[in-house]
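Visitor: I'd like a close look at a single part of this model, please. Pick one stretch of chain and walk me through how its surroundings are arranged.

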Amino acid sequence: MTAPNSPRPVVLLAEELSPATVEVLGPDVEVRSVDGTDRAALLEAVREASALLVRSATQVDAEVFAAAPTLQVVARAGVGLDNVDVPAATAAGVMVINAPTSNITSAAELAIALILASLRNIGRADASVKAGRWDRKHLTGTELHEKTVGIVGFGRIGQLVAERLRPFGVHLLAYDPYVNRARAADLGARVVELDELMRLADVVTVHMPKTPETTGMIGEAQFALAKPSLHVVNAARGGLIDENALYEALSAGRIAGAALDVYSSEPPSGSASASRLLELENILLTPHLGASTAEAQEKAGVAVAHSVRLALAGELVPDAVNVAGGAIDDAVRPGIGLADRLGQLFTALAGGSPELLEIAVRGEIASKDVTAIKLSALRGMFRQVVTEQVSYVNAPVLAQERGIRVELLTEDAADRFRSTIQLRGTLRDGSVVSVSGTLAGTEQAHKLIEVDGHELDVPLSDHLLLIRYEDRPGLVGQYGALLGQSQVNIAGMQVSRRSAEPGAEALVVLTLDSPVSPELAAHIGETIGAHACDAVDISY
């Protein structure tokens, strides 16, 4: 290890990375190495580090940040961040970056491999030969040619799968609430609803993010629609397919086969629902190999090395997953988190992708470079609707892929507040959704000040319920009682009417101490005859 007090920034490699990664870091930094699994050695070595590069074995937590007074950036050479305490990093003023697109090709190729392996009984055939058997007549497979393949989730990985499937001469179907229909058509895929896809498909491959809404999205009801010849593949996220329902469908012969790379609990032997799948012959199981290629690992290392160079130069880092650091004006920095949360709220209310998204920054901060606010708003908008990690660099790409035109507007004057941020989107049916927020007080608290023209002044809390209805007496008591029966406490509320006339449309925003399920929100809406009742959970 080089002598301390080097004038160059110290980049500490806590795990083995490729020579190409080190080469990208360049001569302007001093590269040191340590065994990140040796806790004492890591804590000692990180004291002089400006950047720390890890893979998955090194635990980077509050203790590490406390021991590293000069640390500016932690880079995870991969997609996941389970081993990096991002809130602790943010509190310590340390930027966290990863490589969100490094494994998308590997993940797409694995999906193709699993499709073919399931159709041709590759796993069973391999086991048969190794056991000394020659069971050709029991291992007759199915051709992929001219079959109908349904892709559930048509983001970047789903589109890569579509591109690779076309040469097989298949018929492609796509289901994704946020799909760009023009892009799907370019790839030869017909956009359909999930039930139609399940009825028509010979193969279903899943590429959705895991959210409360998508967990178990393919379950008993969907398998009841399927052909007996259906093969199901999941190389995206564990739990998207209901494992109990999958077991029943496979064991009863309601579908022909399945291939899984991901599970609700990993390894699957640790979960009651997943472990039952180990008993079945007509399922192929692999141990979460989506990113396990030499190429994906190389791409991840090189990508984060480029980002580390940007971070150490004080520039905005494309793959930052938090907002501590980068060349962002101090006056703009508090608005980045607000923009992210407004993006999440916009998506929840819109229920789909806009054709045009206007991000308007008004007031005092409008004279600054507010590019980071635009990127953060886009990042928030896509957080819950794509499979891959969303970052500042790929959020604009995701918008472009979905045919969303994005405009950043700035105005020196802001009504009612010193500075405001508004997201206003024109949806594909011509309707408009808008949300606005501001920062309040010395704590720069996030406040919601407008939704679809309704003026508001409420905290932008983690759990919201937004209800629209024709204003009339007695409704507050009704939905208050329903929430109370479900043990959901109302922390605050505000009602905004478009006009003072009795019966005018009202928007009520409730801030809650706990989340509301989609089922409860729908029940409340039906009970009071609401135009809409949206439960929104916002993370930051």
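Guide: Two strands count as paired if DSSP finds at least two bridges between them. With that in hand, let's look at strand E17, keeping in mind that this is a predicted model.

Strand E17 covers residues 445-451, and 5 of its 7 residues are buried, so the strand is largely enclosed by the rest of the structure. Buried here means under 20% relative accessible area. As background, side chains in a regular strand alternate between the two faces of the sheet.

On one side of the pairing story is strand E16, residues 432-440, which runs antiparallel to E17 and is joined to it by 6 bridges. One pair to pick out in your viewer is serine 436 with its bridge partner in E17, glutamate 450. The hairpin of E16 and E17 has 4 residues between the strands, and glycine 441 takes a positive phi near 70° there.

E17 also pairs with strand E18, residues 454-459, again in the antiparallel sense, over 4 bridges. Here the pair to find is lysine 447 and its bridge partner in E18, proline 459. The hairpin of E17 and E18 has 2 residues between the strands, and in this hairpin aspartate 452 has a positive phi near 50°.

For contrast with the enclosed strand, step back along the chain to the loop between strand E14 (405-411) and strand E15 (419-427), where aspartate 415 is found. This residue is exposed, with a relative accessible area of 69%. Its C-alpha atom is separated by 8.5 Å from that of arginine 362, although the two residues are 53 apart along the chain.

Aspartate 412 is in the loop between E14 and E15 too, and it is exposed at a relative accessible area of 67%. Leaving aside neighbours within four places in sequence, aspartate 412 is in contact with Gly363, Glu364 and Ala366. The C-alpha atom of valine 476, 64 residues from aspartate 412 along the chain, is separated from that of aspartate 412 by 39 Å.

Valine 476 leads us to the helices. Helix H17 (residues 475-485) packs with helix H18 (residues 518-528) at an angle of about 155°, their axes being 10 Å apart. Angles over 145 degrees count as roughly antiparallel, and H17 and H18 are therefore roughly antiparallel to each other. Their crossing is right-handed. In H17, Leu475, Gln478, Tyr479, Leu482 and Leu483 meet Leu520, His523, Ile524, Thr527 and Ile528 in H18. These contact residues divide into 7 nonpolar, 3 polar and no charged.

Notes. Residues are numbered from 1 along each chain as its sequence is written. This is a predicted model: local features need pLDDT of at least 70, side-chain atom pairs count only at pLDDT 80 or more; totals for chains, interfaces and linings use all residues. Side-chain values use heavy atoms; hydrogens and water are left out. Axes are lines fitted to C-alpha atoms, for helices over the stretch in contact, and angles run from 0 to 180 degrees between N-to-C directions. Angles under 35 degrees count as roughly parallel, over 145 as roughly antiparallel, 65 to 115 as roughly perpendicular and the rest as oblique. A crossing is left-handed if the near helix is turned anticlockwise from the far one by less than a right angle, and right-handed if clockwise. Contact means heavy atoms within 4.5 Å. Ala, Val, Leu, Ile, Met, Phe, Trp, Tyr, Cys and Pro count as nonpolar, Asp, Glu, Lys and Arg as charged, and the others, Gly among them, as polar. Buried means under 20% relative accessible area, exposed over 50%, partly exposed in between (1.4 Å probe, protein chains only).
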